[in-house]
Amino acid sequence: MTQENVDVLILGSGPAGYTAAVYASRANLNPVLYQGGQPGGQLTITNDVENFPGYPEGVNGPEMMMDFQNQAQRFGTDVRTGLATQVDFSSYPYKVVIDGQHEITAKSVIISTGASAKWLGLPSEDKYNGRGVSACAVCDGFFYRGQDVAVVGAGDTACEEATYLSKLCNKVYMLVRRDEMRASKIMQARVMNTKNIEVFWDTETDEILGDENGVNAVRIKNKKNGETREIPVTGFFVAIGHKPNSDIFKGYLDMDEAGYLLTKPDSTATNIEGVFAAGDIQDKNYRQAVTAAGTGCMAALEAERYLAEKELA
Ligand code: NDP
């Protein structure tokens with residue numbers, strides 16, 4: 001195994017990781033950033049981003065992430081491909097293994113490994129991803145103004161997305177797999193009181209249908225009587241939860257039952273000194289590029305302060 005020492009190690013290449021990199025490199029901390037399993041993060045599977053400030057005409061997701069990367073590299077961030085596969089935070093400096101073959105000892109670590117949307121696992125979902133299939137209503141809902149869409153899921157996210165879409169779309173069908181929802185009562189009430197949301201109970205998605213223009217219908221199946229039917233929709237939103245990419249930190253970092261890292265109030269500090277968490281890995285509420293970038297900035301400033309206080313840098 002090869003070995004290397006760094007001052008600031010950043011894991012992940014979404015808005016949080018690259019923003020931390022911009023700040024850390026401008027503070028002369030010589031950060032090394034590993035891009036992880038999905039270079040550029042979740043925004044690379046989005047089409048147009050219209051709600052990131054500073055892009056009045058909107059920007060293509062992958063292009064925006066190249067802008068983030070270029071900005072970080074312009075100030076000297078060492079951006080590398082590779083996935084953190086193991087950590088040891090039990091002794092200082094901290095150890096992180098990349099791709100099972102390169103061991104880094106780091107004086108501070110910024111974790112911005114993000115979260116991944118859960119998918120149903122249908123081949124048609126893959127086929128139409130970005131052409132009608134989405135996991136983010138706030139990102140993509142605008143493209144379905146005045147149209148009919150479906151939302152699958154029954155948690156707070158699904159209710160929130162259905163309510164959000166109901167303000168833009170003509171009709172929103174909610175596909176709920178049981179005869180009740182998991183969402184909080186208030187979110188359910190909001191759904192039930194919205195005229196243009198129709199809930200299908202005991203319903204699973206059989207197939208997402210479409211053609212070269214993208215999605216045009218969804219075939220649903222009633223689990224009680226086995227009946228199938230097609231409903232015409234142009235958008236299909238999957239809102240069945242996210243999985244934070246935190247498995248390798250288990251046993252070291254405090255996390256909630258879903259695996260989101262816990263940070264101190266008004267801070268990105270984790271329970272381990274010098275280890276910070278930014279972006280979706282510690283945020284199940286907002287999940288926006290701009291909020292991730294904000295916490296990435298916080299993490300870099302806190303790492304800088306930590307290293308200065310320790311006189312380690
Ligand atoms: P949840 O895990 O709470 O809910 C996931 C939902 O998806 C469940 O209803 C589940 O159904 C359904 N589901 C899972 N797999 C499938 C499948 N294969 N097919 C169909 N349906 C499926 O995730 P959320 O993202 O909704 O919420 C995560 C956390 O974030 C929660 O703690 C929530 O309270 C919180 N949150 C809070 C918000 C707020 O307060 N404003 C907004 C958004 C999230 P089943 O119930 O049958 O298991």
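Strands β11 (residues 148-152) and β12 (residues 171-175) run parallel and are joined by five bridges. In this register Ala150 stands opposite Tyr173 of β12. The model is a predicted one, and the description below follows the sheet outward from this pair.

Strands of a sheet pair through backbone hydrogen bonds, in either a parallel or an antiparallel arrangement. Here the pairing is parallel, and the five strands form an open sheet in the order β10-β17-β11-β12-β13. The edges are β10 (133-134) and β13 (197-200), each of which pairs on one side only.

On its other side, β11 pairs with β17 in the parallel sense over four bridges. Ala150 stands opposite Phe236 in β17, and Ala150 also has Tyr173 of β12 opposite it. Between β17 and the edge strand β10 there are two bridges, again in the parallel sense, with Ser134 opposite Phe237 of β17.

Which residues of β17 are buried on each side? Gly235 and Phe237 are buried on one side, and Phe236 and Val238 are buried on the other, so that both faces of the strand are covered.

Helix α5 (residues 156-166) packs on the sheet and touches β11, β12, β13 and β17 (235-238). The direction of α5 makes about 165 degrees with that of β12. An α-helix has 3.6 residues a turn, so residues three or four places apart point the same way. In α5 the buried residues are Ala158, Cys159, Glu161, Ala162, Thr163, Leu165 and Ser166. These buried residues pack against the strands β11, β12, β13 and β17, and also against the helices α4 (137-140) and α6 (185-192).

Helix α5 also takes part in a pocket. Along with β14 (203-211), α5 gives two or more residues to the lining of the second largest pocket. The volume of this pocket is about 950 Å³. Its lining holds 31 residues, and those nearest the centre are Ala154, Gly155, Ala239, Ile240 and Gly241. By type, the lining of the second largest pocket divides into twelve nonpolar, nine polar and ten charged residues.

Another buried site is found in strand β9 (residues 115-117), where Ala115 lies. Ala115 counts as buried because its relative accessibility is 4%, and the cut-off for buried is under 20%. Leaving aside residues up to four places away in sequence, Ala115 touches Gln42, His242, Lys243, Pro244, Asn245, Tyr260 and Asp280. The C-alpha atoms of Ala115 and Gly41 are 8.9 Å apart, with their places 74 residues apart in sequence.

Some backbone geometry remains to be covered. Most residues other than glycine have a negative phi, and most peptide bonds are trans. The peptide bond from Tyr92 to Pro93 is cis, with omega near -5 degrees. Pro93 is in the loop between β6 (84-88) and β7 (94-98).

Where do the positive phi values of Asn28 and Asn30 occur? Asn28 is in the loop between α1 (15-26) and β2 (32-34), and Asn30 is found in the loop between α1 and β2. Phi is about 60 degrees for Asn28 and near 50 degrees for Asn30. Asn28 is exposed, with a relative accessible area of 64%. Asn30 counts as exposed because its relative accessibility is 56%, and exposed begins over 50%.

Key: Residues numbered from 1 in each chain as written. Predicted model: local features only at pLDDT ≥ 70, side-chain atom pairs only at ≥ 80, totals over all residues. Heavy atoms only, no water. Pairing = 2+ DSSP bridges. Contact = heavy atoms within 4.5 Å. Axes fitted to C-alpha atoms, helices over the stretch in contact; angles between N-to-C directions. Buried < 20%, exposed > 50% of the residue type's maximum accessible area, 1.4 Å probe, protein only. 1 Å grid on protein atoms, 1.4 Å probe; cavity = no way out; pocket = protein on both sides within 12 Å on 5 of 7 lines; lining within 4 Å. Points joined across faces, edges and corners; volume = space filled by probe spheres on them. Nonpolar A, V, L, I, M, F, W, Y, C, P; charged D, E, K, R; others polar.
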